[in-house]
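Thanks, everyone. I'll walk through one model today. Please have the viewer open.

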Amino acid sequence: MKKKGFLYILANSTFSEGVYKIGKTTRRPEIRAWELYEKSSGIPEPFDIVHQRLVKDCHEAERLIHERLKEYRINEYREFFKLSLVEAKAKVNQVVYFINENLEYNEKIASNEKVTIICRQCRKKNKLPKYALQLSLKCGNCKRKLVV
Ligand SMILES: [Zn+2]
């Protein structure tokens, strides 16, 4: 079944140069990016969204992009790739162009600017990407709901 969604490219300041997470989501890329960070204790900093494209059939788009990125894949079981950002964007755009049958879908990329929120319960400073503010947040220290 065709399902509208996004192809995204995520970067992380703690990864080595030229390593990107490239995948799909049927929700907002901001939600996906935040979830990947929050659900993994192995990721020290939130992801930056460096590219996102709306696509008519995101499942097929992901299958195609992963096929085209095969030689750049770091680990067969994880969606991380090592290549230049210019090349990664070009490949994503080619797939999106193909799937959307030349229709242009344009999406503004969320701001990766960071903001500091002080937890009202434990007073700890939480440094978060601006895009995460629209989501339901927990304090990195006491795990209680952060009130923005
Ligand atoms: Zn707290």
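Two domains divide the chain: domain 1 covers 5-99, and domain 2 covers 113-148. Keep in mind that this is a predicted model.

How far apart are the C-alpha centres of domain 1 and domain 2? They lie 25 Å apart. Now look at where the domains touch. Five residues of domain 1 are in contact with six residues of domain 2. On the domain 1 side, helix 1, residues 29-38, gives the most, with three residues. Sort that side by class and you get four nonpolar residues, no polar ones and one charged.

Next, the sheet. It is open, has five strands, and pairs in the antiparallel sense. Read across, the order is 3-1-2-5-4. Which strands stand at the edges? Strand 3, residues 48-55, and strand 4, residues 73-75. Each has a single partner strand, so one side of each is left without a neighbour in the sheet. Ignoring direction, neighbouring strands are turned by 30° against each other on average.

Let's go through some of the pairs. Start with strand 1, residues 5-11. Strand 1 pairs with strand 3 over seven bridges, antiparallel. If you want a landmark there, find Leu10, which stands opposite Ile49 in strand 3.

Move on to strand 2, residues 19-25. Its pairing with strand 5, residues 78-82, is antiparallel and runs over three bridges. Here Val19 stands opposite Lys82 of strand 5.

Then strand 4 and strand 5. Two bridges join them, again antiparallel. One position to click on is Arg73, whose bridge partner in strand 5 is Phe81. How many residues lie between the two strands of this hairpin? Two.

Last topic, helix packing. Two packed helices are described by the angle between their axes and the distance between the axes. So take helix 2, residues 58-68, and helix 3, residues 85-99. The angle is about 140°, and the axes are 10 Å apart. Roughly antiparallel would need over 145 degrees. Helix 2 and helix 3 are therefore oblique to each other. Their crossing is right-handed.

Who makes the contact? From helix 2, it is Glu60, Ala61, Leu64, Ile65 and Arg68. From helix 3, it is Lys91, Val92, Val95, Val96 and Ile99. By class, this contact has seven nonpolar residues, three charged and no polar.

That's the tour. Over to you for questions.

Definitions and conventions. Residues are numbered from 1 along each chain as its sequence is written. This is a predicted model: local features need pLDDT of at least 70, side-chain atom pairs count only at pLDDT 80 or more; totals for chains, interfaces and linings use all residues. Axes are lines fitted to C-alpha atoms, for helices over the stretch in contact, and angles run from 0 to 180 degrees between N-to-C directions. Helices (H or I, at least four residues) and strands (E, at least two) are DSSP runs, numbered from the N terminus. Angles under 35 degrees count as roughly parallel, over 145 as roughly antiparallel, 65 to 115 as roughly perpendicular and the rest as oblique. A crossing is left-handed if the near helix is turned anticlockwise from the far one by less than a right angle, and right-handed if clockwise. Two residues are in contact if their C-beta atoms, placed from the backbone, lie within 7 Å. Ala, Val, Leu, Ile, Met, Phe, Trp, Tyr, Cys and Pro count as nonpolar, Asp, Glu, Lys and Arg as charged, and the others, Gly among them, as polar. Two strands pair if DSSP finds at least two bridges between them. Domain bounds come from an automatic or database domain assignment.
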